[in-house]
Amino acid sequence: MNRILFVALVALTLAAAVSGCRRRVRSRPTVYQQQQPQPATTGAGVGVSASAGGLSAGVRVEAGFGGVTAVQQQCNPNAGEACNGLDDNCNGIIDEGCGFSTGNIQITLAWGTGADLDMYVTDPTGYTISYSRRRSPSGGHLDHDARGACVRSQADATIENVYWNTARPPSGTYRVEVHNYSGCQVSNVTPATLSIAVGGQVIGAYNVALRQGERQAVAEFYMP
């Protein structure tokens, strides 16, 4: 009888151990999901203008790319505007006073090292705006190509800006990518901030860190 009880106890112990292992395996996807970047939303967390609706109504934003995180910025209407790729004073214009243009779409990239970063914005027609093709037929314009410490005499060498000043930018999906072209012998990894405004409202702000030579999709948004 004692031998039978012993065997039964061993069997119960093994079953409990196997069940515990299975529970740990099932829990892994939950941990993985928590590590994924979350898309930013309009509201107090991103810094939006007082106006709502208009051109920004119906815009959809996606930022679920690996290595990209949403900036949970608390803007302040009384704050001064810094040249940091963010809308610090909540007026829907990114880095005004920094020598760059705005419009019904504005996409601004800023970073704090001497690296040479390049921004690529592909519009719904498939045309990609970059340092080599600064104007798109749809009205987009890269008005500053920053070279970081690679060109030491350049002012505002760590901000790039693309904008559409047309009354109605084309409908469809816009894709924004950033390339760390060179560390300019001063930086191996460069953190950067990218903000997107549509119709005078910031719809997303994101952080990404890139190694030299790395190119990363940062965000996509859809204009209805």
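Which residue in S9 is the bridge partner of Ile 105? In this predicted model, the answer is Val 198. That contact belongs to a set of seven bridges joining strand S3 (residues 105–111) to strand S9 (residues 189–198), and the two strands run antiparallel.

**The open sheet**

Let us step back to the sheet around that pair. Six strands make up an open sheet, in the order S2-S10-S9-S3-S7-S6, with antiparallel pairing. Strand S2 (69–70) and strand S6 (140–144) stand at the edges and have a single partner strand each, so one side of each is left without a neighbour in the sheet. As a general reminder, the strands of a sheet pair through backbone hydrogen bonds, in either a parallel or an antiparallel way.

Following the chain onward from S2, you meet Gln 72 in the loop between S2 and S3. Is Gln 72 buried or exposed? Gln 72 counts as exposed because its relative accessibility is 57%, and the cut-off for that class is over 50%. The C-alpha atom of Gln 72 is separated by 8.7 Å from that of Tyr 206, although these positions lie 134 residues apart along the chain.

**Strand S4 and its partners**

Strand S4 (residues 116–122) makes a nice contrast to that loop residue: S4 is mostly covered, with seven of its seven residues buried. Asp 116, Asp 118, Tyr 120 and Thr 122 point one way from S4, while Leu 117, Met 119 and Val 121 point the other way. Both sets are buried, the two aspartates, Asp 116 and Asp 118, included.

S4 pairs with S8 through seven bridges, and these strands run antiparallel. Among the residues involved, Leu 117 has Asn 180 as its bridge partner in S8. S4 is also joined to strand S5 (residues 128–129), by two bridges and again in antiparallel fashion. Here Thr 122 has Thr 128 as its bridge partner in S5. S4 and S5 form a hairpin with five residues between them, and Gly 126 in the turn has a positive phi of about 95°.

**Aromatic rings**

How many aromatic pairs does a search of the whole structure find? There are two, and the table sets them side by side.

| Pair | Centre to centre | Angle between planes | Geometry |
|---|---|---|---|
| Trp 164 and Tyr 174 | 5.3 Å | 90° | edge-to-face |
| Tyr 174 and Phe 221 | 4.8 Å | 5° | stacked |

The pair of Trp 164 and Tyr 174 links distant parts of the chain: Trp 164 is in strand S7 (residues 159–164) and Tyr 174 in strand S8 (residues 172–182), 10 residues apart. In the stacked pair, Tyr 174 lies in strand S8 and Phe 221 in strand S11 (residues 215–223), so this pair ties together parts that are 47 residues apart in sequence. Tyr 174 takes part in both pairs, and Trp 164, Tyr 174 and Phe 221 form one aromatic cluster. Trp 164 and Tyr 174 are buried, and Phe 221 is buried too.

**Charges over rings**

Two arginines complete the tour. The charged end of Arg 60 sits over the ring of Tyr 222, at 4.4 Å from the ring centre. The charged end of Arg 215 likewise sits over a ring, that of Tyr 120, at 3.8 Å from its centre. This brings us back to S4, since Tyr 120 is one of the buried residues of that strand.

Note on methods
Residues numbered from 1 in each chain as written. Predicted model: local features only at pLDDT ≥ 70, side-chain atom pairs only at ≥ 80, totals over all residues. Heavy atoms only, no water. Phe/Tyr/Trp six-rings, centres within 6.5 Å; stacked < 30°, edge-to-face > 60°. Helix = DSSP H or I, 4+ residues; strand = E, 2+ residues; numbered from the N terminus. Buried < 20%, exposed > 50% of the residue type's maximum accessible area, 1.4 Å probe, protein only. Lys NZ or Arg CZ within 6 Å of the ring centre and 35° of its normal. Pairing = 2+ DSSP bridges.
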